[in-house]
Amino acid sequence: MEYRAVTLRKDIGVEALYTVHYFEYSKDFIYRGEKHDFWECVYVDRGEIIATADEREIPLSRGEILFHAPNEFHTLRANGVVAPNLVVLSFASHSPMMEEFRHRQARVGNRGRALIAAILRESEAVFSTPLGDPGTKYMEKREEIPPGAEQLIAAYLEEFLLLLLRSERGRQQSTLHRRAESNLFSLLEEYMQGNVGKRLSLADLARYADVSDSTVKAVFRSHTGTGAISYFIGLKMQAAKSYIREGNYTLTQISDLLGYDSIHYFSRQFRRFFGMSPSEYAHSVRAWEEERGN
């Protein structure tokens, strides 16, 4: 008997990419709105926003995503209290199954967040256009692009969409071990978020979750690719950015709020993460707001 090839069905395909954005907005940000003939989704990485889709007003919190179908008018604004970080992806797909995402609001799990991070990482490798530029209409490619980077963006985005599709239909399955590991990561991440102003050790995290230090290490390596304490410091640094954009505290007060004994140590860690000092970041936020106001 001769071999016969099996054609693999593709339920969702991404045909083109329009924009990839990572925005760090102020607490008073307002986007007046637009509509276009391709899909768009907005994911809240930090904080909260209020979106509209045609006549519907939709509040979104950290970890939630909203899809806008082609030709759907949509707007966006911060709530005046919390400075949000947002990921916005716009793309073309004519797959019939995309209709299941019309008016779709969902909570993104750990795997979905990892895929979003991968899309951002590959996009920075492919495009020279800054991901934080809200005026982008066309993304310029770099002269040198790593092999496969463009294809990976489409592949990660398609996997992300299929993941949400399976979740909606209740067909997503996982082993008991992975489910328990995912629950443990969520538990510890929530604990870190709630105690971002404290100094936590690996022993503190293990004691809270009633597991061993090595288990905490393994879970964070699996989900984030980094150590638990490094991840916690990253949460502190993101919180620092939000505090700075909200403009309610001095840098010394922010340092205290985040559990630092010294503003100098706080500033060093901030520079190590973001390549600029807290005061330089505050200045860039003010400059951007003034430019937007003009």
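User: Which residue is the bridge partner of Cys41 in strand 6?

Analyst: The model discussed here is a predicted one. In strand 6, Cys41 has Phe67 as its bridge partner. The bridge belongs to a wider pairing: strand 3 (residues 39-46) and strand 6 run antiparallel and are joined by four bridges.

User: What is the order of the five strands in the open sheet?

Analyst: A sheet is read strand by strand across its width. Here the order is 1-8-3-6-9, with antiparallel pairing. Strand 1 (16-24) and strand 9 are the edge strands, and each pairs on one side only. From one strand to the next, the twist averages 15°.

User: How should the open sheet of four strands be read, and which strands stand at its edges?

Analyst: The four strands follow the order 2-7-4-5, and their pairing is antiparallel. Strand 2 (30-34) and strand 5 (56-61) stand at the edges; each has a single partner strand, so one side of each lacks a neighbour in the sheet. The twist here averages 15° from one strand to the next. Within this sheet, six bridges connect strand 4 (residues 48-53) with strand 5 in the antiparallel sense. Ala53, for its part, stands opposite Arg56 in strand 5.

User: How many aromatic pairs are there, and how is the geometry of the Phe67 and Phe101 pair described?

Analyst: An aromatic pair is read from the distance between ring centres and the angle between ring planes. The count comes to 15 aromatic pairs. For Phe67 and Phe101, the centres are 4.8 Å apart and the planes stand at 50°, so the pair is tilted. This pair links distant parts of the chain: Phe67 lies in strand 6 (residues 64-68), while Phe101 lies in the loop between strand 8 (85-92) and strand 9 (105-107), 34 residues apart.

User: Is Phe67 buried or exposed, and what of Phe101?

Analyst: Burial is judged from relative accessible area, with buried meaning under 20%. Phe67 has 0% relative accessibility and therefore counts as buried. Phe101 is likewise buried, with a relative accessible area of 0%.

User: Why is the pair of Tyr191 and Tyr208 described as it is?

Analyst: Planes under 30 degrees apart count as stacked. The rings of Tyr191 and Tyr208 have planes at 10° and centres 3.8 Å apart, so this pair is stacked. Tyr191 is in helix 3 (residues 176-194) and Tyr208 is in helix 4 (residues 202-209), so the pair ties together parts 17 residues apart in sequence. Tyr208 counts as partly exposed, at 42% relative accessibility.

User: Which residues form one aromatic cluster, and which rings have a lysine over them?

Analyst: The cluster consists of Tyr260, Tyr265, Phe266, Phe270, Phe273, Phe274 and Tyr281. Over the ring of Tyr260 sits the charged end of Lys236, 5.6 Å from the ring's centre. Lys241 lies over the face of Phe274, at 4.0 Å from the ring centre.

User: Why is helix 6 described as largely enclosed?

Analyst: In an α-helix there are 3.6 residues a turn, so residues three or four places apart point the same way. In helix 6, 16 of the 19 residues are buried, so the helix is largely enclosed by the rest of the structure. Helix 6 (residues 228-246) reaches 27 Å from its first C-alpha to its last, close to the 27 Å expected. Just after helix 6, Gly247 takes a positive phi of about 70°.

User: How many helices and strands does the protein chain have?

Analyst: The protein chain has nine helices and nine strands. Its radius of gyration is 21 Å, close to the 19 Å that the globule rule gives for 294 residues, so the chain is as compact as a globular protein of that length. Buried residues make up 44% of the 294 residues.

Terms used. Residues are numbered from 1 along each chain as its sequence is written. This is a predicted model: local features need pLDDT of at least 70, side-chain atom pairs count only at pLDDT 80 or more; totals for chains, interfaces and linings use all residues. Side-chain values use heavy atoms; hydrogens and water are left out. Helices (H or I, at least four residues) and strands (E, at least two) are DSSP runs, numbered from the N terminus. The expected span of a helix is 1.5 Å times one less than its number of residues. Buried means under 20% relative accessible area, exposed over 50%, partly exposed in between (1.4 Å probe, protein chains only). Two strands pair if DSSP finds at least two bridges between them. Axes are lines fitted to C-alpha atoms, for helices over the stretch in contact, and angles run from 0 to 180 degrees between N-to-C directions. Rings of Phe, Tyr and Trp (its six-membered ring) pair if their centres lie within 6.5 Å; planes under 30 degrees apart count as stacked, over 60 as edge-to-face and the rest as tilted. A charge sits over a ring if NZ of Lys or CZ of Arg is within 6 Å of the ring centre and within 35 degrees of the ring normal. The radius of gyration is taken over C-alpha atoms; the globule rule is 2.2 Å times the number of residues to the power 0.38.
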